[in-house]
Every structure is written in C-alpha cells, then in structure tokens.
Amino acid sequence: KQWYQRRVAITAGVQSPINLESMSDRIKIREAMDQGNIDLVTQMINDFDPELLDMKPTLYFHLQQQKLVELIRSKNIEEALMFAQTELAPHGEDHPEVLAELEKTMSLFAFSDPENCPFGDLLKPSQKHKVAGELN
C-alpha cells in the first residue's frame, strides 16, 4: 500500500505531506502499546528516535508506569514490586513532578482486586490510549 501511495505521488508530481514510513512506525508502536508490550514500544521508540525518551522524561515515566500496570494486570506481583523499586522509584526521586502519579500507581498493590479499587482506571484500556497519545 505504501509503495502504491508513493508511486501515485511521484507520478502526479506531488510530495506527500505525510512521511508514510513514520506513519507505519507509529502504527506499529500503537499496536504494541495496545497489546501491553511496553518493552517493545520502548525499543521501537529508541530505534525511531534514540534521544526522544531522554528529552521527554515524563513520557519515559509514563511508559515505565504502564509497564508496571501491565505487570500488576498479569498478577506478576513480585516482578512488579522489583520493577517499581529499581526503575520507577529512582525516576520519582529525579523528577518530583511524577511522584503523585507514582504513588497512585503503587497504591494498586494495596488492593486484592486492583481493577475495582479507587485507582482501577490505571488498568483500563483508556490509560494505554492516554500514554499512546503522548507518543504522537
């Protein structure tokens, strides 16, 4: 499809206003986000723009926060706790603006049924969509 679109643009002498390769990459990143594969999302972002996550620490935090949410969703509590301690806690120390969000996410550990707790919205698909929206 991309080949055809490029061919039509070249034949018509029109420059496409949209970088089609970039759009394809963004779609793949969005699909990985929808699947909850945050490691793949991070890898694809770094392949696409190696400096992006360094330049946007809040975006990086939200990706790591989403990874923690995915670990909690899969009931992998031991790994989730380790990840929170090694990855998210230091980020919260370096970037105090995300501490409230970190505390909200960490509170999911306190509930036996996190989906139905006051912060259960973090486990809903809308949270993934919110983070994916930041990537655009």
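E70 and K128 are both buried. They also pair with each other: in this predicted model, E70 forms a salt bridge with K128, the closest N and O atoms lying 3.8 Å apart. The contact links distant parts of the chain, with E70 in helix α5 and K128 in helix α8 (residues 125-135), 58 residues apart. R73 belongs to the picture too. Salt bridges with shared partners join E70, R73 and K128 into one network.

A search of the whole structure finds four salt bridges. Three of the pairs are set out here.

| Pair | Closest N to O distance |
|---|---|
| K67 and D39 | 2.9 Å |
| E70 and K128 | 3.8 Å |
| K104 and D121 | 3.6 Å |

**K67 and D39.** Helix α5 (residues 57-73) holds K67, and helix α3 (residues 38-48) holds D39, so this salt bridge ties together parts that are 28 residues apart in sequence. Are the two partners buried or exposed? K67 has 19% relative accessibility and counts as buried. The cut-off for buried is under 20%. D39 has 48% and counts as partly exposed.

**K104 and D121.** These side chains meet in a salt bridge at 3.6 Å, N to O. K104 sits in helix α7 (residues 99-106). D121 lies in the loop between α7 and α8. The partners are 17 residues apart, and the pair links distant parts of the chain. K104 is partly exposed, with a relative accessible area of 29%. D121 is partly exposed as well, at 32%.

Definitions and conventions. Residues are numbered from 1 along each chain as its sequence is written. This is a predicted model: local features need pLDDT of at least 70, side-chain atom pairs count only at pLDDT 80 or more; totals for chains, interfaces and linings use all residues. Side-chain values use heavy atoms; hydrogens and water are left out. Helices (H or I, at least four residues) and strands (E, at least two) are DSSP runs, numbered from the N terminus. Buried means under 20% relative accessible area, exposed over 50%, partly exposed in between (1.4 Å probe, protein chains only).
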